[in-house]
Amino acid sequence: LQNDIAKPPAANLDEIAPKPLVPYIKDRKALLGVADGGALLITAIGACSTVADHKFRIQVKQFDDTYTERPCLWCLTIGDSGHGKGPIQRVGGQALLEELNDEIYVEVLKQLKAYVLVHEQWRHEKDKAIKAGQDIPEEPEEPPHIQLISNDATQARLRLPLQATKRGMGMWFEELTKWSGDMNAYQAGGK
């Protein structure tokens, strides 16, 4: 039966891919040595949808500007075991998001370090105010824990990043069972 299934034709990237993604996908195709860039394209489009703000809307129909959707995509590559789905996902979209996420992470770390210093100073001022019977100064606000990508779908790991971002988050899993298992995981005390 497997031999009776016709293979779909290779995707013509110049015809179906968004123009800004064509050079990126062709470069990744050459890097991986794959003939068809369709799976690379779908992972890159998924990555692009992740970095778009949730307020951004996409006009779905060319001549109907009243029908719009949020850029929220569920992308899935399907194939037999050992057919290279994992490398395609990592190179096609996950690497793109990780690069952006690393840039954001460096900035978040700078903000957190500054916050720790300011918060420590606030604690000393608070203690002085309490001893002197004065009003307690306002506690500084902790910077947001912005994150673009995760491969952990447990509530405990997603709570802070999802509260901090208005963009949403890219979830990358090589196996569907890992994602579904994480979604069902419960850890006492949120740890």
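**Exercise 1.** Is alanine 129 buried, partly exposed or exposed?

*Solution.* Keep in mind that you're looking at a predicted model. Start by finding the residue: alanine 129 sits in helix H4, which covers residues 85-132. Next, take its relative accessibility, which is 4%. The cut-off for buried is under 20%, so alanine 129 counts as buried. To finish, look at its neighbours. Leaving out residues up to four places away in sequence, alanine 129 touches Gln134, Asp135, Ile136 and Pro137.

**Exercise 2.** Work out where threonine 43 is placed, whether it's buried or exposed, and what it touches.

*Solution.* Step one: threonine 43 belongs to helix H3, residues 38-51. Step two: its relative accessibility is 3%, so threonine 43 goes down as buried. Step three: set aside residues up to four places away in sequence, and the contacts of threonine 43 are Thr77, Ile88, Gln89, Gly92, Gly93 and Trp172.

**Exercise 3.** Track down the largest nonpolar core and say which helices feed it.

*Solution.* First, list the members. This core has 10 residues: Leu13, Ala17, Leu21, Val22, Tyr24, Ile25, Leu40, Leu41, Ala44 and Ile88. Then match them to helices: H2 (22-32) and H3 each supply at least two residues of this core. Another core lies apart from it, with five residues, including Ala47, Leu148, Ile149 and Trp172. Now zoom in on one member of the largest core. Isoleucine 25 touches Leu13, Gly37, Leu40, Leu41 and Ala44, again not counting residues up to four places away in sequence. Here's some background: nonpolar side chains tend to be buried together in soluble globular proteins.

**Exercise 4.** Describe how strands E1 and E2 go together.

*Solution.* Begin with the ranges: E1 is residues 58-61 and E2 is residues 64-69. Check the direction next: the two strands pair in the antiparallel sense, over three bridges. For one bridge, look at lysine 61, whose partner in E2 is aspartate 64. Last, find the link: a hairpin of two residues joins E1 to E2.

**Exercise 5.** Which residues form a nonpolar patch on the surface, and how exposed is isoleucine 58?

*Solution.* Name the patch first: Phe56, Ile58, Val60 and Tyr67 form it, and together they have about 360 Å² of accessible area. Now pick out isoleucine 58, which is placed in strand E1. Its relative accessible area is 37%. Partly exposed means between the 20% and 50% cut-offs, so isoleucine 58 is partly exposed.

Notes: Residues numbered from 1 in each chain as written. Predicted model: local features only at pLDDT ≥ 70, side-chain atom pairs only at ≥ 80, totals over all residues. Heavy atoms only, no water. Helix = DSSP H or I, 4+ residues; strand = E, 2+ residues; numbered from the N terminus. Buried < 20%, exposed > 50% of the residue type's maximum accessible area, 1.4 Å probe, protein only. Contact = heavy atoms within 4.5 Å. Pairing = 2+ DSSP bridges. Core = buried A, V, L, I, M, F, W, Y, C linked by side-chain atoms within 4.5 Å. Patch = residues over 30% accessible without salt bridge, like charges linked within 9 Å, V, L, I, M, F, W, Y side chains within 5 Å. Areas by Shrake-Rupley, 256 points an atom, 1.4 Å probe, with all protein chains shown as cover. Salt bridge = Lys/Arg side-chain N within 4 Å of Asp/Glu carboxyl O.
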